[in-house]
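Good morning, and thank you for the time. I have been asked to walk the group through one model, and I will begin by putting it on the screen.

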Amino acid sequence: MERRCVLNSWSKEEVRAVIRYEWARGVSGTEIHNRLVEVYGLGVVSKQMVRRWCRTFSDGRQQVEDMPRAGRTRTATTDANVGKVDDMIRANRRITIDEVAEELGISHERAQNIIHDILRYRKVSARWVPRQLTSTHQEQRMAVSLEHLVRYPEDGNDFLFRIVTGDETWVHHFTPESKAASMEWKHPSSPVRKKFKTTPSAGKVLLTVFWDAQGVLLLDFLEVGTINATHYCDTLSKLKEAIRKKWPGHLTSGVLLLDDNARPLSATATQNHIATLG
């Protein structure tokens, strides 16, 4: 009984040699491709490629190896150029690949190969942070953090439950559903769903939200304008009333307001109002 097996590994020169052999025997391109698929599997060359090689051999070509290509040889990837590229990047982290190629007189492809594949550099953006902290700001934050760490062993969770904090954010009148939020289970036979791109509405309001360890205490919306000391003092009065209704015991034990140092929040009028509210 005839025994056949599929060869999973092969080289393009080997396949071309088979095509040349079968072509010399007078086999058609379609039949050559069928025989190649039987031995090498479906991943072998396409039928059009087999026919092209048959025409090439008919035109007189004899070798199955790739012809040497005209043009400049890859002599740009030298140790000297690699060292120069490394020095250039260390001197200017924002230098472009084209600038490196022009400086060394090499192609864009060679410069990219040296930077990405040999030196393994990757160009990334800087991570944005809200603001740069001075040494004074850092010392203040460290002092507050240490104070909290000292108070927690003494008061435990009662200390955490006394903390109320807040922040501000812009809220659009309409916020479209994100692509991730629209994900749902799909069967292979189910039709493909389409989601059209939409943008948030132009209208928006400024939301101030306060919360503690047990949840949200107050939502305050500002329709027009920006937050100033006067408006923030009114919001703090609303916050005290909200705490009195939801957690009256907090006012007795004393509320610890944890807030940032934005100007309306750190103004003298605001600080005096906080002291008045206790």
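I will take the annotated domain, the nonpolar cores, some individual residues and then the pockets.

First, the ground rules. This is a predicted model, in which local features need pLDDT of at least 70 and side-chain atom pairs count only at pLDDT 80 or more, while totals for chains, interfaces and linings use all residues. Residues are numbered from 1 along each chain as its sequence is written, and side-chain values use heavy atoms, with hydrogens and water left out.

Let us start with the annotation. An unreviewed UniProt entry places the feature "domain: Mos1 transposase HTH" at residues 12-60; UniProt positions are given here in the numbering used for the model, feature names are shortened, and annotations may be inferred rather than shown by experiment. That span is 76% helix and 0% strand, and its end C-alpha atoms lie 19 Å apart. When I speak of helices (H or I, at least four residues) and strands (E, at least two), I mean DSSP runs, numbered from the N terminus.

Ala-17 lies in helix H1, residues 12-24. Ala-17 is partly exposed, because its relative accessible area is 38%; buried means under 20%, exposed over 50%, and partly exposed in between, with a 1.4 Å probe and protein chains only. Between the C-alpha atoms of Ala-17 and Gln-62 there are 9.6 Å, although the two are 45 residues apart in sequence. Thr-56 sits in helix H3, residues 47-58, and is likewise partly exposed, at 24%. Its C-alpha is 9.6 Å from that of Arg-20, with their positions 36 residues apart in sequence.

Next, the cores. Which residues have the most contacts inside the largest nonpolar core? They are Val-85, Ile-89, Val-100, Leu-104, Ile-106, Ala-111 and Ile-115, in a core of 15 residues. The elements giving two or more residues to this core are helix H4 (79-91), helix H5 (97-104) and H6. By nonpolar core I mean a set of buried Ala, Val, Leu, Ile, Met, Phe, Trp, Tyr and Cys residues joined through side-chain atoms within 4.5 Å. Val-100 is in contact with Val-85, Met-88, Ile-95, Ala-111 and Ile-115, leaving aside its neighbours within four places in sequence; contact means heavy atoms within 4.5 Å. Apart from this core lies another, of 13 residues, among them Leu-217, Leu-218, Leu-239 and Ala-242.

Two polar or charged residues deserve a place beside that description. Asp-86 lies in helix H4 and counts as buried because its relative accessibility is 18%. Beyond its neighbours within four places in sequence, Asp-86 is in contact with Leu-119 and Tyr-121. The C-alpha atoms of Asp-86 and Tyr-121 are separated by 9.2 Å, and the two residues are 35 apart along the chain. Asn-113 is found in helix H6, residues 108-118, and is buried at 18% relative accessibility. With the same neighbours within four places set aside, Asn-113 is in contact with Thr-77 and Ile-118.

After H6 we come to Arg-120, in the loop between H6 and H7. Is this residue buried or exposed? Arg-120 counts as exposed, because its relative accessibility is 64%. Its phi is positive, about 60°, although it is not a glycine. Most residues other than glycine have a negative phi.

Finally, the pockets. Rolling a probe the size of a water molecule over the atoms shows where empty space is left. A pocket, on a 1 Å grid over the protein atoms alone, is an open set of points where a 1.4 Å probe fits, with protein on both sides within 12 Å along at least five of seven lines; lining residues have an atom within 4 Å of a point. Grid points are joined across faces, edges and corners, and a volume is the space filled by probe spheres set on the points.

The largest pocket has a volume of about 720 Å³. Of its 22 lining residues, Val-144, Leu-258, Asp-259, Asp-260 and Asn-261 lie nearest its centre. Helix H7 gives the largest share of the lining, seven residues. The second largest pocket holds about 410 Å³. Among its 14 lining residues, Arg-93, Arg-94, Arg-122, Lys-123 and Val-124 are the closest to its centre.

Thank you; I am glad to take questions.
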